[in-house]
Amino acid sequence: MNILIVDDQANVLRTTAYALTAMGHTPVTAENSRQAARQLETEKIDALLLDVNLGTENGLDFLSKIRAEGNLVPVIVFTAQTSVESAVDAMKRGAYDYIPKPFIPEDLKQKLAKVDEHRRMQTKVADLETQVAKAHPTVMLESNEPAVKSAYETAFRAAASNATVLILGPSGTGKTVLARAVHDRSNRADKAFVTINCPSLSRELLESELFGHVKGAFTGALKDTWGKVAAADEGTLFLDEIGEVPLEIQPKLLRLLQDREYERVGDTRTRKANVRLIAATNRDLAAEVAAGRFREDLYYRLKVIAVEMPALADRPTDLLPLVDNYMRHFTREQGRPSLQLSQEARTAIVDYPWPGNLRELRNLIERSVILAQDNEITVADLPAEFRESEETSLRPGHMVTIEALEHEHIRRIIAKTESLEKAARTLGIDTATLYRKRKRMGLG
Ligand SMILES: Nc1ncnc2c1ncn2[C@@H]1O[C@H](COP(=O)(O)OP(=O)(O)OP(=O)(O)O)[C@@H](O)[C@H]1O
């Protein structure tokens, strides 16, 4: 942790800094409240050690002041051995803990370990809160599709390393969910997972959002800030839509990847950040490189471990398990445990091309569960595009050839069943025959 020590006695500053360094922390020092305030503004401070007696100043007044400004940094107060009152006063004013002076390094170490644990819990809670807010249905990370299985396997094998993972694929295919799953399987799982959505910000804002800035760096930079790179220190930074990062920022990302170094906007001091990067894009990065919109060196650096999430239309055998997964989740969430999906509605879902991928499917199931009037979701409960596809599709009794009907029937049964064996059993033919038919019809 970066720890600020505030004490007016130079020897205390020196020995405490020495002890902190030996414990693996980075000490920063200040002799009075003015210097301390400046350090809090310019440095990323994780904990503060504050002496009650700061010469002519009272350290506890400084504590009250930073709390009034909304600064929640954990503070451990140095109190005189005999003064119970100042310890009580310190706790009342928002100190995290106190330690009587002189102290032995072991006591300080234990108190700091508690602070560190507290910080971790705070990050975890913030993280869980965002997850809950997004109300992710139970994520399904199994698949019957070889392409998806291989994407998951590669990504999870790389999870334990610090390697950058690039996740490609159309919008709504689960790139963010996969990035999160990689983080959860890494040895950084108990640290922060920080997301930055690149296209939603202008170049200036994106740069400052990533790296932070110093006061006055640009119009509107009213105070020093720390960016998401600093927030993700020791954890994972997820760059969503990296294909849209402006060319000017790309070299800075490359430097962060290669040297783990960066500077805040308007700052000359180089800082280190131990972040693991996961990036995603729905753009064809090779084409972006060819068009001169994406740096080739960054592209090669990113694509060392690249996985591709296919469109939902290319995952036919995953479709119904995903539907059942969402049905379970939303019927529970909406308190409608006996609600079912009718066979016709299932067929309409199988027939639909799913341009919006998993996101569209999730939204459809959520909407249907909320709106269904009886205990069954029927085709009539689905939006118009599903009913149209049902009416225009090939059905017995429509003016179509037997071959076209057979083709359509086989396609749907394959899409609905988990294996070719099961499909063959449903169709009443043997697997080898189905295999041949499928090939001839171009369904495999
Ligand atoms: N494996 C999964 N199991 C269940 N639901 C999933 C899964 N993956 C994604 N989803 C759901 O699909 C939706 C889109 O997922 P996600 O945001 O990860 O896609 P994305 O590819 O990152 O999209 P975009 O490119 O638009 O950012 C979310 O609502 C998510 O809950």
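Two strands are said to pair if DSSP finds at least two bridges between them, and the strands themselves, like the helices, are DSSP runs numbered from the N terminus, with at least two residues for a strand (E) and at least four for a helix (H or I). The structure is a predicted model, in which local features need pLDDT of at least 70 and side-chain atom pairs count only at pLDDT 80 or more, while totals for chains, interfaces and linings use all residues. Residues are numbered from 1 along each chain as its sequence is written.

The protein chain holds 19 helices and 18 strands. Of its 444 residues, 30% are buried, a residue being buried if 20 or more other C-beta atoms, placed from the backbone, lie within 10 Å of its own, exposed if 12 or fewer do, and partly exposed in between.

A useful place to begin is strand E8 (165-168). E8 runs parallel to E15, to which 4 bridges join it, and Val165 stands opposite Ile278 of E15. E8 also pairs in the parallel sense with strand E16 (residues 305-308), again over 4 bridges, and there Leu168 has Glu308 as its bridge partner. In a regular strand the side chains alternate between the two faces of the sheet. In E8, Val165 and Ile167 point one way and Leu166 and Leu168 the other, and all are buried.

From this strand the reader can move to the largest nonpolar core, a nonpolar core being a set of buried Ala, Val, Leu, Ile, Met, Phe, Trp, Tyr and Cys residues joined through C-beta atoms within 7 Å. The largest has 39 residues, of which Ile167, Leu237, Leu239, Ile278 and Ala279 touch the most other members. Among the elements that give two or more residues to this core are E8, helix H7 (175-184), strand E12 (236-240) and strand E15 (276-281). Apart from this core lies another, of 28 residues, among them Leu4, Val6, Val52 and Val77.

The ligand has 19 residues around it, and Gly174, Lys175, Thr176, Val177 and Leu358 come nearest; a residue counts as near if its C-beta atom, placed from the backbone, lies within 6 Å. H7 and helix H15 (357-371) each supply at least two residues of this shell, which draws at least three from each of domain 2 (146-310) and domain 3 (313-440), the bounds coming from an automatic or database domain assignment. The shell divides into 7 nonpolar, 8 polar and 4 charged residues, where Ala, Val, Leu, Ile, Met, Phe, Trp, Tyr, Cys and Pro count as nonpolar, Asp, Glu, Lys and Arg as charged, and the others, Gly among them, as polar.
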